[in-house]
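Trainee: Could you take me through this model by question and answer, with the reasoning behind each reply spelled out?

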Amino acid sequence: MKLSLSLQQAFEAPSLVLKRAYVKKVVETTLRHIAVDQDCEIGIACVDTDESQRLNLDYRQKDKPTNVLSFPSDIPEEILPMLDAWPLGDLVICIPVVLAEATEQQKTALEHFAHMLVHGVLHLMGYDHETGEEDAEAMEALEIDILAKLGFENPYLIKES
């Protein structure tokens with residue numbers, strides 16, 4: 001599997017320096033874990049709270065910024081064989097929200113960013129945690145396994161102060 005990655009960093013933070021190679025590794029690890037073996041392409045935009053809030057309101061009717069938004073590709077299946085790579089879609093990750101959540105959850109910024117990246121990629125692949133408890137548990141189990149491959153602990157464990 002070959003991954004084509006478009007990474008836009010409209011918002012950068014000193015506490016979270018993103019390396020393109022690392023972002024690509026997280027996405028590839030996620031895709032391999034769920035047995036995707038064809039060439040893929042994905043777009044990822046790192047944005048501020050204003051952009052996240054605008055997109056969340058426009059597309060989800062929720063007037064607040066959120067950690068990650070996923071926009072799966074809607075290319076018809078019959079066209080996919082004609083393409084060099086499968087366009088998965090786009091992720092929009094709000095860096096200020098990710099940083100605030102990382103602090104609240106006593107995680108490093110990179111650890112939480114990686115979790116949101118895995119979470120978003122799974123959404124692009126059709127996984128959903130809002131359709132029922134069974135689906136949420138299945139998605140969380142995948143996230144735990146993938147993050148373990150990346151060297152991170154279970155993101156759903158509550159850390160004691």
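The exchange below concerns a predicted model, and it goes from salt bridges to buried residues, backbone angles and surface patches.

Trainee: How many salt bridges does the structure hold?

Mentor: Side chains of opposite charge can pair when their charged atoms come close. In this predicted model, the side chains of glutamate 51 and arginine 54 meet in such a pair at 2.8 Å, N to O, and those of aspartate 58 and arginine 54 meet at 3.1 Å, N to O. The number of salt bridges in the structure is two.

Trainee: Which residues are linked in a network of salt bridges?

Mentor: Glutamate 51 and arginine 54 are three residues apart in helix α2, so about one helical turn separates them. Aspartate 58 and arginine 54 also both lie in helix α2, four residues apart, which is about one turn of the helix. Since arginine 54 forms a salt bridge with glutamate 51 and another with aspartate 58, the network is made up of Glu51, Arg54 and Asp58.

Trainee: Is arginine 54 buried, partly exposed or exposed?

Mentor: Buried would require a relative accessible area under 20%, and exposed one over 50%. Its partners fall in between, glutamate 51 with 28% and aspartate 58 with 44%. Arginine 54 has a relative accessibility of 41%, and therefore it counts as partly exposed.

Trainee: Which side chain of opposite charge is nearest to glutamate 101?

Mentor: Glutamate 101 lies in helix α3, where it is one of the buried residues, together with Ile95, Val97, Val98, Leu99 and Ala102. Leaving aside neighbours within four places in sequence, glutamate 101 is in contact with Asn67, His112 and Met116. A salt bridge requires nitrogen and oxygen within 4 Å, whereas glutamate 101 has no salt bridge and its nearest side chain of opposite charge is 7.8 Å away, namely lysine 107.

Trainee: Which elements are included in what covers the buried residues of α3?

Mentor: The residues in question are Ile95, Val97, Val98, Leu99, Glu101 and Ala102, which are buried in helix α3 (residues 95-104). Their cover includes two strands and two helices, namely β2 (40-47), α2 (49-60), β4 (86-94) and α4.

Trainee: What is the relative accessibility of asparagine 56?

Mentor: Asparagine 56 is found in helix α2, and, apart from neighbours within four places in sequence, it is in contact with Gln61, Lys62, Lys64, Pro65, Thr66 and Leu69. A residue counts as buried under 20%, and asparagine 56 is placed in that class because its relative accessibility is 0%.

Trainee: Is methionine 125 buried or exposed?

Mentor: Methionine 125 lies in the loop between α4 (109-124) and α5, and, not counting residues up to four places away in sequence, it touches Leu31, Ile34, Val36, Trp86 and Leu88. The limit for a buried residue is under 20%; with a relative accessible area of 19%, methionine 125 is therefore buried.

Trainee: Near what value is the phi of glutamine 61?

Mentor: Glutamine 61 is placed in the loop between α2 and β3 and, at 60% relative accessibility, counts as exposed. Another glutamine, residue 106, follows α3 in the loop between α3 and α4, is partly exposed at 37%, and has a positive phi of about 55 degrees although it is not a glycine. For glutamine 61, likewise a residue other than glycine, phi is positive and near 55 degrees.

Trainee: Which residues form a nonpolar patch on the surface?

Mentor: Patch members need over 30% relative accessible area, and leucine 83, placed in the loop between β3 (68-72) and β4, has 32% relative accessibility and so counts as partly exposed. The patch has about 340 Å² of accessible area together, and its members are Ile75, Ile79, Met82 and Leu83.

Trainee: And which residues form a negative surface patch?

Mentor: One member, aspartate 135, is found in helix α5 (residues 133-149). With 38% relative accessibility, aspartate 135 counts as partly exposed, and membership of a patch requires over 30%. The negative patch is formed by Glu133, Glu134, Asp135 and Glu137.

Notes
Residues numbered from 1 in each chain as written. Predicted model: local features only at pLDDT ≥ 70, side-chain atom pairs only at ≥ 80, totals over all residues. Heavy atoms only, no water. Patch = residues over 30% accessible without salt bridge, like charges linked within 9 Å, V, L, I, M, F, W, Y side chains within 5 Å. Areas by Shrake-Rupley, 256 points an atom, 1.4 Å probe, with all protein chains shown as cover. Lys, Arg positive; Asp, Glu negative; His and termini not counted. Charge placed at Lys NZ, Arg CZ, Asp CG, Glu CD. Buried < 20%, exposed > 50% of the residue type's maximum accessible area, 1.4 Å probe, protein only. Contact = heavy atoms within 4.5 Å.
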